[in-house]
Amino acid sequence: LTNGRHLGDGVLFGGVDVYSWTAAGSSWVAHEWLTEAGLAALHDALGPTAVSFATALVVAAAFALVAVRLRRRGYGRATTLATIGLGFAGTLVSMGVRPQLLELLYLGATLLLVDAWLAGRIGRGRLWALAGAGALLWANTHGSFLLLPGVLGIATVAALLGRQRRWPEMAVATAIAALVPLLNPWGLALYGFAAQSLTSDITGRLVQEWRPPDLLALPFLPFTLALVLAGIALVASLRLRTGEPRARLVFDLIVAAASLALALRSGRHVMLFGVAAAPR
């Protein structure tokens, strides 16, 4: 909220730490500036309850997109409800009134976009426009924007392996999603911030939510259960030949594996697995 209130006085875009004592003046990127400005305005106009309600809507919308995706895949209502219920339970370790929850919404929308493209429901013009608009919004609201070109890149590989002739369309969308985030107040420095967040050994050791999850701890039991069920589903899908399009199957498996790798590396990313791996 304090960051958001500094939108107009130059502090937010100053690029230096003005809050801490031991690191005052160090380089600092307010990567969530647009979200923080919006939350500050909402808080000051309507109060803290409005901010909490808005955050809850973000999470609800994210899992609504997961539900739409599952229903379009042909899953029944009971299976859909059980899947999104388990996925939601896995987000509780990171739940709070915080911009990070936008990751769930953006990831859900990206996966739905890829599904629509693989099914031939959208053309390249719309794909490229949505990739560009999504990248611009994501980069200025949260530092996890690299997930967008990452997922689109996986879709490119899946389409190529699935022998889809349209794979260059997704390759262009990936490039757009990787380059458009340059349109932010910090330019290329934002990419460095995102990379540092993922690779910093100090952060992984000293910040609890960035540590690997304890699979037997109560907060992570939904994630552990999801892993078991995903393993069973994987074995079943390999044994049963369902005639599923190859490109979509490859895309699902790579996205699930990538989200699992992120989740096992950091408890902060456990919530992404419930959205990314839902169809499997």
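A residue is called buried when its relative accessible area is under 20%, and His269, at 7%, is therefore buried. The model in which this residue sits is a predicted one. The briefing begins with His269 and then turns to helix packing, to salt bridges, and to several residues that either lie at the surface or join distant parts of the chain.

**His269 and its surroundings**

- His269 belongs to the loop that runs between helix H12 (246-265) and helix H13 (270-276), and its relative accessible area of 7% places it among the buried residues.
- Once residues up to four places away in sequence are set aside, His269 touches Leu198, Trp210, Leu262 and Ala263.

**Packing of helices H6 and H7**

- Two packed helices are described by the angle between their axes together with the distance between those axes.
- For helix H6 (residues 124-139) and helix H7 (residues 147-161), the angle is about 150° and the axes are 10 Å apart; because angles over 145 degrees count as roughly antiparallel, H6 is roughly antiparallel to H7.
- On the H6 side the contact involves Ala131, Gly134, Ala135 and Trp138, and these residues meet Leu147, Leu148 and Leu152 in H7.

**Ala155 within H7**

- Helix H7 also holds Ala155, which is buried, its relative accessible area being 0%.
- With neighbours within four places in sequence left aside, Ala155 is in contact with Val114, Met170 and Phe251.
- Ala155 and Asp252 are separated by 97 residues in sequence, yet their C-alpha atoms are 9.0 Å apart in space.

**Salt bridges centred on Asp115**

- Over the whole structure, a search finds 9 salt bridges, and one of the pairs that meet in this way is formed by the side chains of Asp115 and Arg69, with an N to O distance of 2.7 Å.
- Asp115 lies in helix H5 (residues 102-118) and Arg69 in helix H3 (residues 48-72), so this pair ties together parts of the chain that are 46 residues apart in sequence.
- Both Asp115 and Arg69 are buried, and for Asp115 the relative accessible area is 8%.
- The side chain of Asp115 also meets that of Arg73 in a salt bridge, at 3.1 Å from N to O; this pair links distant parts of the chain, with Asp115 in helix H5 and Arg73 in the loop between H3 and helix H4 (77-91), 42 residues apart.
- Arg73 has a relative accessible area of 14%, and it is buried.

**Arg166, Glu169 and the shared network**

- The side chains of Arg166 and Glu169 meet in a further salt bridge, with 3.7 Å between N and O.
- Arg166 is partly exposed, at a relative accessible area of 24%, whereas Glu169, at 17% relative accessibility, counts as buried.
- Elsewhere, salt bridges that share partners join Arg69, Arg73, Asp115 and Asp252 into one network.

**The loop after H7 and its link to H12**

- Arg163 is found in the loop between H7 and helix H8 (167-179), where it is exposed, with a relative accessible area of 67%.
- The phi angle of Arg163 is near 60°, which is a positive value in a residue other than glycine.
- Arg246, which lies in helix H12, is in contact with Leu161, Gly162 and Arg163 when neighbours within four places in sequence are left aside.
- Arg246 counts as partly exposed, at 45% relative accessibility.
- The C-alpha atoms of Arg246 and Gln164 are separated by 9.5 Å, although the two residues are 82 residues apart along the chain.

**A nonpolar patch at the surface**

- Leu225, Val228, Leu229 and Ile232 form a nonpolar patch on the surface, and together they have about 360 Å² of accessible area.
- Of these residues, Ile232 is found in helix H11 (residues 221-239); its relative accessible area is 54%, and because exposed means over 50%, Ile232 is exposed.

Technical notes. Residues are numbered from 1 along each chain as its sequence is written. This is a predicted model: local features need pLDDT of at least 70, side-chain atom pairs count only at pLDDT 80 or more; totals for chains, interfaces and linings use all residues. Side-chain values use heavy atoms; hydrogens and water are left out. Helices (H or I, at least four residues) and strands (E, at least two) are DSSP runs, numbered from the N terminus. Buried means under 20% relative accessible area, exposed over 50%, partly exposed in between (1.4 Å probe, protein chains only). Contact means heavy atoms within 4.5 Å. Patches are made of residues with over 30% relative accessible area and no salt bridge: like charges are joined within 9 Å, nonpolar side chains (Val, Leu, Ile, Met, Phe, Trp, Tyr) within 5 Å. Accessible areas come from the Shrake-Rupley method with a 1.4 Å probe; for residues, only the protein chains shown count as cover. A salt bridge is a side-chain nitrogen of Lys or Arg within 4 Å of a carboxyl oxygen of Asp or Glu. Axes are lines fitted to C-alpha atoms, for helices over the stretch in contact, and angles run from 0 to 180 degrees between N-to-C directions. Angles under 35 degrees count as roughly parallel, over 145 as roughly antiparallel, 65 to 115 as roughly perpendicular and the rest as oblique.
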